[in-house]
Amino acid sequence: MRIGAHVDPAEPLAEAAARGADLVQFFLTDPQGWADPKDRPDAEALIASDVDVYIHAPYRINVASSNNRIRIPSRKLLFRHAAGAAKVGAKGLIVHGGHVESADGLDAGFDNWRKTFAFAADEGGFKTPILIENTAGGDNACARRFDALARLWDAVGEYEVGFCLDTCHAHAGGEDLLDIVERVKGITGRIDLIHANNSRDGFDSGRDRHDNLTAGEIDPELIVAVIRAAGAPALVETPGGADGQTADITYLRERLA
């Protein structure tokens with residue numbers, strides 16, 4: 001079972017070594033911005049390393065939106081980050097499921113996701129596999145509640161789309177972790193990556209605030225059980241820097257051994 005962490009993008013391999021991580025995730029640009037990724041001087045080292053690399057797309061990307069000023073730049077930025085992720089040998093580009101402006105716009109939001117993958121297919125496909133991640137909040141979210149996730153997969157499932165399951169997001173989004181792997185695979189047929197995070201807030205709070213594995217509102221053994229059942233690589237996006245994340249990685253390794 002390969003386990004790692006979300007790290008600062010400056011020196012991801014050094015950050016991996018500091019944590020004893022098998023994999024790392026990082027941003028290629030400011031996660032709150034619209035910048036295109038630049039070539040990294042460590043690209044060859046990242047590709048040659050035994051450490052698996054995942055890239056998280058900027059938070060601003062929302063290809064589901066009905067607002068052209070958001071949807072069109074989001075689609076372009078997703079393509080560019082997928083190309084940037086390919087240059088560092090990333091196994092996946094994680095992107096949030098996004099949301100629409102009103103409940104009656106969800107059908108259009110799901111179709112906007114379909115159009116994104118259809119356009120990519122016409123252009124030869126994304127350069128890096130896209131992993132859609134479940135989200136914690138928003139009444140009009142495309143991937144918070146699993147009834148919406150099922151509708152999203154009805155729209156995009158014909159394409160090669162991956163899924164990233166975040167345990168904090170599921171808990172805060174109102175989805176029970178107890179049988180979550182079975183329910184997700186019943187919808188998507190796959191789980192490609194686990195974001196193994198505890199939550200500072202209660203069930204169905206809608207708040208996306210991660211905590212260390214033994215410090216939050218979720219029973220940490222539930223998080224371990226999710227990883228074991230999914231059989232997917234896992235990474236922590238937890239606070240505390242190298243020390244906090246090393247403790248979380250050690251906790252998972254000991255219980256998954």
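Which residue in β4 is the bridge partner of histidine 56? The legends below take that up along the way, using a predicted model.

**View 1. Eight strands close into a barrel.** Welcome to the overall setting for the close-ups that follow. Going around the barrel, the strands come in the order β1-β2-β3-β4-β5-β6-β7-β10, and their pairing is parallel. From one strand to the next, the twist averages 25 degrees.

**View 2. Strand β3 sits enclosed within the structure.** This strand covers residues 52-56, and five of its five residues are buried, so β3 is largely enclosed by the rest of the structure. In a regular strand, side chains alternate between the two faces of the sheet. Here both faces are covered: Asp52, Tyr54 and His56 are buried on one side, and Val53 and Ile55 are buried on the other.

**View 3. Strand β2 runs parallel to β3.** Look here for the four bridges that join β2 (residues 23-26) to β3. If you would like a residue pair to start from, take leucine 23, whose bridge partner in β3 is aspartate 52. Between these two strands the chain passes through helix α2 (residues 43-48), making a β-α-β crossover that is right-handed.

**View 4. Strand β4 pairs with β3 in the parallel sense.** Three bridges link β3 to β4, which spans residues 92-96. Here is the residue asked about at the start: isoleucine 94 of β4 is the bridge partner of histidine 56. That histidine, His56, is also one of the buried residues of β3. Together with helix α3 (residues 68-87), β3 and β4 make a right-handed β-α-β unit.

**View 5. Strands β5 and β6 pair in the parallel sense.** Further along the chain, β5 takes in residues 130-133 and β6 residues 162-166, and the two pair over three bridges. A handy pair to pick out is glutamate 133, which stands opposite cysteine 164 in β6. Both strands belong to the barrel, where β5 is followed by β6 in the order.

**View 6. Helices α7 and α8 pack obliquely.** Two packed helices are described by the angle between their axes and the distance between the axes. For α7 (residues 180-188) and α8 (residues 220-230), the angle is about 40 degrees and the axes are 9 Å apart. The two helices are therefore oblique to each other. Ile180, Val181 and Lys185 of α7 make the contact with Val226, Ala229 and Ala230 of α8. By class, the contact residues divide into five nonpolar, no polar and one charged.

Conventions
Residues are numbered from 1 along each chain as its sequence is written. This is a predicted model: local features need pLDDT of at least 70, side-chain atom pairs count only at pLDDT 80 or more; totals for chains, interfaces and linings use all residues. Side-chain values use heavy atoms; hydrogens and water are left out. Buried means under 20% relative accessible area, exposed over 50%, partly exposed in between (1.4 Å probe, protein chains only). Two strands pair if DSSP finds at least two bridges between them. A crossover is right-handed if, with the strands pointing away from the viewer, the path from the first strand over the helix to the second runs clockwise. Axes are lines fitted to C-alpha atoms, for helices over the stretch in contact, and angles run from 0 to 180 degrees between N-to-C directions. Angles under 35 degrees count as roughly parallel, over 145 as roughly antiparallel, 65 to 115 as roughly perpendicular and the rest as oblique. Contact means heavy atoms within 4.5 Å. Ala, Val, Leu, Ile, Met, Phe, Trp, Tyr, Cys and Pro count as nonpolar, Asp, Glu, Lys and Arg as charged, and the others, Gly among them, as polar.
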